[in-house]
Amino acid sequence: MSSPVLDAEYDDLDWLSVNSSAVEAVAYVPRFGRLYVRWHQQPGARYRTYRYHNVPPRVWDQIQTAGSVGEFVNRVVKRFGYDPVE
């Protein structure tokens, strides 16, 4: 579900590129605890970017130093509620 507020938030994100074969970039909105994950384009994938909700700052700190960002997202971040963005 999208809204003008979330669309504006998405347009203003400061993306952090990560060294990952699965994840292209991540962005975080600390005020609202929203973590955005942009996956590398996969054949047949319907969406590339997901918004995760109520993500605490410590998870943002950890994702930036994770040895495998894709594994970290699958193991930790996917526990949070999320919705597709694009």
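This is a short guided tour of the model, moving from the whole chain to its cores and then to one glycine.

**The whole chain**

Start with everything in cartoon view, and keep in mind that this is a predicted model. You should find three helices and five strands. Follow the ribbon from the N terminus and the order reads α-β-β-β-β-α-α-β.

Now zoom out to take in the overall form. Along the principal axes, the C-alpha atoms fill a box of roughly 35 × 35 × 20 Å. The radius of gyration is 12 Å, which agrees with the value near 12 Å for a compact globule of 86 residues.

Switch on a surface next. About 5,400 Å² of the chain is accessible, and 49% of that belongs to carbon and sulfur atoms. Colour by charge and you will have 10 positive and 10 negative side chains to look at, with the centres of the two sets 8 Å apart.

**Into the cores**

Hide the surface and look inside, where buried residues make up 41% of the 86 in the chain. Which residues touch the most other members of the largest nonpolar core? Select Val23, Leu35, Val37, Tyr52, Ile63, Val73 and Val77 to see them; the core has 19 residues in total. Then colour the elements that each give two or more residues to this core: strands E2 (23-29), E3 (34-39) and E4 (49-52), together with helices H2 (57-65) and H3 (69-75).

For a second core, apart from that one, select Leu6, Leu13, Ala27 and Val29, which are among its six residues.

Come back to Val23 and show what surrounds it. Beyond its neighbours within four places in sequence, Val23 is in contact with Val18, Val37, Arg38, Trp39, His40, Val69, Gly70 and Val73. While contacts are on display, consider the chain as a whole: of the contacts between residues at least 6 apart in sequence, 46% join residues at least 24 apart.

**A glycine in a loop**

For the last stop, select Gly33, in the loop between E2 and E3. Is this glycine buried or exposed? Its relative accessibility is 7%, so Gly33 counts as buried.

Show the residues around Gly33 to see what it touches. Leaving out residues up to four places away in sequence, these are Tyr28, Tyr52, His53, Asn54 and Val55. Tyr52 is also one of the residues you selected in the largest core.

Finally, draw a distance from Gly33 to Val59: the two are 26 residues apart in sequence, and their C-alpha atoms are 9.8 Å apart in space.

Key:
Residues are numbered from 1 along each chain as its sequence is written. This is a predicted model: local features need pLDDT of at least 70, side-chain atom pairs count only at pLDDT 80 or more; totals for chains, interfaces and linings use all residues. Side-chain values use heavy atoms; hydrogens and water are left out. A nonpolar core is a set of buried Ala, Val, Leu, Ile, Met, Phe, Trp, Tyr and Cys residues joined through side-chain atoms within 4.5 Å. Buried means under 20% relative accessible area, exposed over 50%, partly exposed in between (1.4 Å probe, protein chains only). Helices (H or I, at least four residues) and strands (E, at least two) are DSSP runs, numbered from the N terminus. Contact means heavy atoms within 4.5 Å. The radius of gyration is taken over C-alpha atoms; the globule rule is 2.2 Å times the number of residues to the power 0.38. Accessible areas come from the Shrake-Rupley method with a 1.4 Å probe; for residues, only the protein chains shown count as cover. Lys and Arg count as positive and Asp and Glu as negative; His and the chain ends are not counted. The place of a charge is taken as NZ of Lys, CZ of Arg, CG of Asp or CD of Glu.
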